[in-house]
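This report describes selected features of one protein model. Please consult the sequence and the coordinates alongside the text.

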Amino acid sequence: SNDSAAPVQNAATGSCLVARDFDTLFMAINGTTRPASLDYSTSANKYLQNVHFNVDSLTFAEPQSLANNTITAFANFAKQNSAKTFTIHLSGSVGTTRASDLDFANQRAARVKALLIEKGVKSSQIVIDAPYSAGVYDDGGNASQRQSARNVKLTIHPTCSTNTGSSGSER
């Protein structure tokens, strides 16, 4: 396993994330250790979590502590790996293509971004992407589906890779 290997230095961008950089984040969110088979340091396998919101609201769904813990864990990850190169992408989910829903998804993503910045993440490390899932429920959908569409997806995007071999088996 290359899990304990030092990250490859890239003079242009700083040091790269390696699999073990995700151990504390994985534990904080999942309450268990990261399986060695899960390597989030590659662009092919990004670390992803969602925070959910109440209907027509910028308030987190209950239990609110779950969303707050996720945001805190991502902020701690960013601070613990401040010398590494990565971005945190945020994308609000919407169930319809209505302009008001698309705007609301962006407002929710902006709320999560503001909380990450408040907790010490550099604004330059956070990217708000276009809303996803647009149009999935234009024709309705059940209450559970609509609830699951009220979220912001947080994803860590490594901006360099430690994978220098052709095997692709970097752990």
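The following paragraphs treat the nonpolar core, the strand pairing, one buried polar residue and the disulfide of this predicted model.

**Nonpolar core**

The largest nonpolar core comprises 29 residues, and Val112, Leu116 and Ile156 have the most contacts inside it. Two or more residues of this core come from each of α1 (23-30), β3, α2 (64-80), β4 (86-92), α3 (99-118) and β6 (151-158). Helix α2 supplies the largest share, seven residues. In soluble globular proteins, nonpolar side chains tend to be buried together.

The surroundings of Leu116 can be listed in detail. Apart from neighbours within four places in sequence, Leu116 is in contact with Ile71, Phe74, Ala75, Ile88, Leu90, Val121, Ile126 and Leu154. Two of these partners, Leu90 and Leu154, return in the description of the strands.

**Strand pairing around β6**

Strand β6 is mostly covered, with six of its eight residues buried. It pairs with β3 and also with β4, as tabulated below.

| Strand pair | Sense | Bridges | Bridge partners |
|---|---|---|---|
| β3 and β6 | antiparallel | six bridges | Val51 and Val152 |
| β4 and β6 | antiparallel | seven bridges | Leu90 and Leu154 |

Leu154 thus appears in two roles: Leu154 is the bridge partner of Leu90, and Leu154 is also a contact of Leu116.

**Gln49**

Is Gln49 buried or exposed? Gln49 lies in strand β3 (residues 47-52). Its relative accessibility is 18%, so Gln49 counts as buried, the limit being under 20%. The side chain of Gln49 makes a polar contact of 3.4 Å with the side chain of Tyr47. Not counting residues up to four places away in sequence, Gln49 touches Ile29, Asn30, Thr70, Phe74, Val152, Lys153 and Leu154. Among these, Phe74 and Leu154 are also in contact with Leu116, while Val152 stands opposite Val51.

**Disulfide**

How many disulfides does a search of the whole structure find? The search finds one. Cys16 and Cys160 form this disulfide, with their sulfur atoms 2.1 Å apart. The pair links distant parts of the chain, 144 residues apart: Cys16 is in the loop between β2 (14-15) and α1, whereas Cys160 is in the segment after β6. Cys16 has a relative accessible area of 2% and is therefore buried. Cys160, at 11% relative accessibility, also counts as buried.

Notes
Residues numbered from 1 in each chain as written. Predicted model: local features only at pLDDT ≥ 70, side-chain atom pairs only at ≥ 80, totals over all residues. Heavy atoms only, no water. Helix = DSSP H or I, 4+ residues; strand = E, 2+ residues; numbered from the N terminus. Buried < 20%, exposed > 50% of the residue type's maximum accessible area, 1.4 Å probe, protein only. Polar contact = N/O pair within 3.5 Å; in protein donor to acceptor, adjacent residues only side chain to side chain. Contact = heavy atoms within 4.5 Å. Core = buried A, V, L, I, M, F, W, Y, C linked by side-chain atoms within 4.5 Å. Disulfide = S-S within 2.5 Å. Pairing = 2+ DSSP bridges.
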